[in-house]
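Biologist: Thanks for sitting down with me. Could you walk me through this model, one question at a time?

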Amino acid sequence: MPTKLVIGDYKKSSWSFRAWLVLVTADVSFETLQVKLEQDDTRQQILRYSPSGKVPALLLDKVVINDSLAICEYVAGAYPAANLWPQDPLVKAQARAAAAEMHSGFVNLRTQMSFGLNTGDTPEPLTADTQEEIQRIFDIWTNLRHASGSKQFLCGDFGIVDAMFVPVVFRFRRYGVAVPAQLQAYVEQVLAYPPVQKWLKLAAEEV
């Protein structure tokens with residue numbers, strides 16, 4: 001069976017975005033299956049593919065990987081030439097910790113600043129907890145670029161840790177969050193990254 005990735009809407013599903021970016025970056029040959037979100041039968045449709053009832057889900061031969069970070073880890077192991085994690089063990093550990101923190105944390109940010117590809121929205125007044133999480137993200141980005149010496153993405157070439165934070169870049173863009181000057185080049189790299197641009201094109205074509 002050919003590899004298939006089950007995703008939600010291009011305009012809404014930030015976790016699908018992350019997994020999709022990693023597969024495209026690794027040049028994996030895969031078919032995309034899309035389930036429209038926020039429909040009466042969305043959960044039932046997703047359950048046809050994923051036992052968790054959530055997207056994304058990677059369908060392999062007799063195996064379903066139904067978690068975005070687990071999908072990324074699988075791709076990193078199956079396609080080592082893609083260098084989805086940094087080669088330096090210490091930098092790799094920091095990148096993996098940052099990806100895991102993004103995967104499980106930043107609840108206030110997610111709540112107050114929902115994912116979207118549009119711009120010009122104004123959030124409710126940000127709570128102190130949300131502001132603290134925004135600063136934490138800036139610190140993570142700064143620390144990784146310092147540890148890796150990268151002038152491109154967080155640790156050199158685009159990798160899993162970048163994919164984890166791409167939707168955050170779009171959250172900041174959507175709500176006009178000011179990014180520190182020393183990180184502006186990173187944000188511009190993310191927005192210009194060809195697979196990100198391809199996702200935006202697919203979103204624009206989405207009905």
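Modeller: Happily! Let's begin with a term: buried area is the accessible area (1.4 Å probe) that two parts lose on being put together, summed over both. This is a predicted model, where local features need pLDDT of at least 70, side-chain atom pairs count only at pLDDT 80 or more, and totals for chains, interfaces and linings use all residues. Residues are numbered from 1 along each chain as its sequence is written, and side-chain values use heavy atoms, with hydrogens and water left out.

Biologist: How much area do domain 1 and domain 2 bury between them?

Modeller: An automatic or database domain assignment sets the bounds, giving domain 1 (4-81) and domain 2 (83-195). Their contact (heavy atoms within 4.5 Å) takes 24 residues from domain 1 and 23 residues from domain 2. Of the area buried between the two domains, 68% is on carbon and sulfur atoms, and the total is about 1900 Å².

Biologist: Which residues of H4 are buried?

Modeller: H4 covers residues 89-104; helices here are DSSP runs (H or I, at least four residues), numbered from the N terminus. Buried means under 20% relative accessible area and exposed over 50% (1.4 Å probe, protein chains only). Exposed Pro89, Leu90 and Ser104 sit on the face turned away from the buried side. The buried residues are Val91, Ala95, Ala98, Ala99 and Met102.

Biologist: Which residue caps the N-terminal end of H4?

Modeller: Look for a side-chain oxygen 2.9 Å from the backbone nitrogen of leucine 90. The residue that supplies this oxygen is aspartate 88.

Definitions and conventions: Helices (H or I, at least four residues) and strands (E, at least two) are DSSP runs, numbered from the N terminus. The expected span of a helix is 1.5 Å times one less than its number of residues. A polar contact is a pair of N or O atoms within 3.5 Å; within protein, one must be able to donate a hydrogen and the other to accept it, and residues adjacent in sequence count only if both atoms are side-chain atoms.
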